[in-house]
Amino acid sequence: MKNLYKTAVTTKGARDGRTTSDDGILNIKQSTPKSMGGEGGNYTNPEQLFGAAYSACFGAALEAAAKNHNADLGDYSVTAIVKLGLTEDEDLQLSVILDCYIPGVDVETGETLVNEAHEICPYSRATRDNIDVTLNLLLEED
């Protein structure tokens with residue numbers, strides 16, 4: 001693999017710790033949500049960070065797919081709904097719903113773009129056959 005970018009991110013203290021990047025740009029406190037037995041609070045958590053990264057990356061993949069099809073996405077957005085749950089064997093498991101709002105296209109074009117983006121996106125490729133990922137196409141209402 002040809003390296004295009006490399007970073008190192010370190011977390012000390014797990015879910016109730018601090019996460020920093022090697023360049024110092026990322027420097028955040030994390031806290032365990034109350035629903036998971038933590039104190040909650042005004043800090044982020046790994047699921048939010050994963051959702052931020054996946055939605056941003058998927059958006060870039062949508063842009064690449066749109067360019068391949070000479071399509072205009074309009075004022076598009078991608079929302080990642082990340083869930084952390086338990087399997088039947090009581091193992092922790094992630095699932096993601098990607099709501100892709102693309103007001104600039106028709107249904108057929110939108111479906112093509114979302115499906116192609118799912119093939120292009122490194123996060124989609126990394127999670128394929130590992131977690132449930134649901135793709136939703138949301139269009140502008142008439």
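This briefing walks through the fold, the core, the cysteines and a few single residues of one protein chain.

The model is predicted, so a pLDDT of at least 70 is needed for local features and 80 or more for side-chain atom pairs, while totals for chains, interfaces and linings use all residues. Numbering starts from 1 along each chain as its sequence is written, and side-chain values use heavy atoms, with hydrogens and water left out. The protein chain holds three helices and six strands, and 27% of its 142 residues count as buried.

**Fold and overall numbers**

- Reading from the N terminus, the elements of the protein chain go β-β-β-α-β-β-α-α-β. Helices (H or I, at least four residues) and strands (E, at least two) are DSSP runs, numbered from the N terminus.
- The C-alpha trace of the protein chain spans about 45 × 35 × 30 Å along its principal axes.
- Take the contacts (heavy atoms within 4.5 Å) between residues at least 6 apart in sequence: 48% of them join residues at least 24 apart.
- About 9500 Å² of the protein chain is exposed, and carbon and sulfur atoms supply 48% of that area. Accessible areas come from the Shrake-Rupley method with a 1.4 Å probe, and for residues only the protein chains shown count as cover.
- On the charge side, the protein chain has 11 positive and 23 negative side chains, and the centres of the two sets sit 14 Å apart. Lys and Arg count as positive and Asp and Glu as negative, with His and the chain ends not counted. Each charge is placed at NZ of Lys, CZ of Arg, CG of Asp or CD of Glu.

**The largest nonpolar core**

- A nonpolar core here is a set of buried Ala, Val, Leu, Ile, Met, Phe, Trp, Tyr and Cys residues joined through side-chain atoms within 4.5 Å. As for the accessibility classes, buried means under 20% relative accessible area, exposed over 50%, and partly exposed in between (1.4 Å probe, protein chains only).
- The largest such core has 19 residues, and Phe58, Leu62, Leu98, Cys100, Ile102 and Leu113 touch the most other members.
- Two or more residues of this core come from each of α1 (46-68), β5 (92-101) and α2. The biggest giver is α1, with seven residues.
- Beyond its neighbours within four places in sequence, Leu98 is in contact with Tyr54, Phe58, Val78, Thr79, Ala80, Val133, Thr134, Leu135 and Asn136.

**Two residues of helix α2**

- Ala117 belongs to helix α2 (residues 107-120), and its relative accessible area of 0% makes it buried.
- With neighbours within four places in sequence set aside, Ala117 is in contact with Phe58, Ala61, Leu62 and Ala65.
- Ala117 and Ala60 are 57 residues apart along the chain, and their C-alpha atoms are separated by 8.3 Å.
- Asn115 is also found in helix α2, but it counts as partly exposed at 46% relative accessibility.
- The C-alpha atoms of Asn115 and Thr11 are separated by 34 Å, with their positions 104 residues apart along the chain.

**Cysteines**

- How many disulfides are there? The count comes to zero, with a disulfide taken as a pair of cysteine sulfur atoms within 2.5 Å.
- Cys57 is in no disulfide, and the nearest cysteine sulfur, that of Cys121, is 3.6 Å away. Cys121 is unbonded because that 3.6 Å to the sulfur of Cys57 is too far for a bond.
- Both cysteines are buried: Cys57 is at 19% relative accessibility, and Cys121 has a relative accessible area of 0%.

**Loops and positive phi**

- Asn70 has a positive phi of about 50° although it is not a glycine. Asn70 sits in the loop between α1 and β4 (77-86) and counts as exposed at 74% relative accessibility.
- Asp129, another residue other than glycine, has a positive phi near 65°. Its place is the loop between α3 (122-127) and β6 (132-138), where Asp129 counts as exposed at 78% relative accessibility.
- Thr32 lies in the loop between β3 (27-29) and α1. Is Thr32 buried or exposed? Thr32 is buried, with a relative accessible area of 8%.
- Not counting residues up to four places away in sequence, Thr32 touches Arg15, Asp16, Gly38, Glu39 and Gly40.
- The C-alpha atoms of Thr32 and Thr7, 25 residues apart along the chain, have 25 Å between them.
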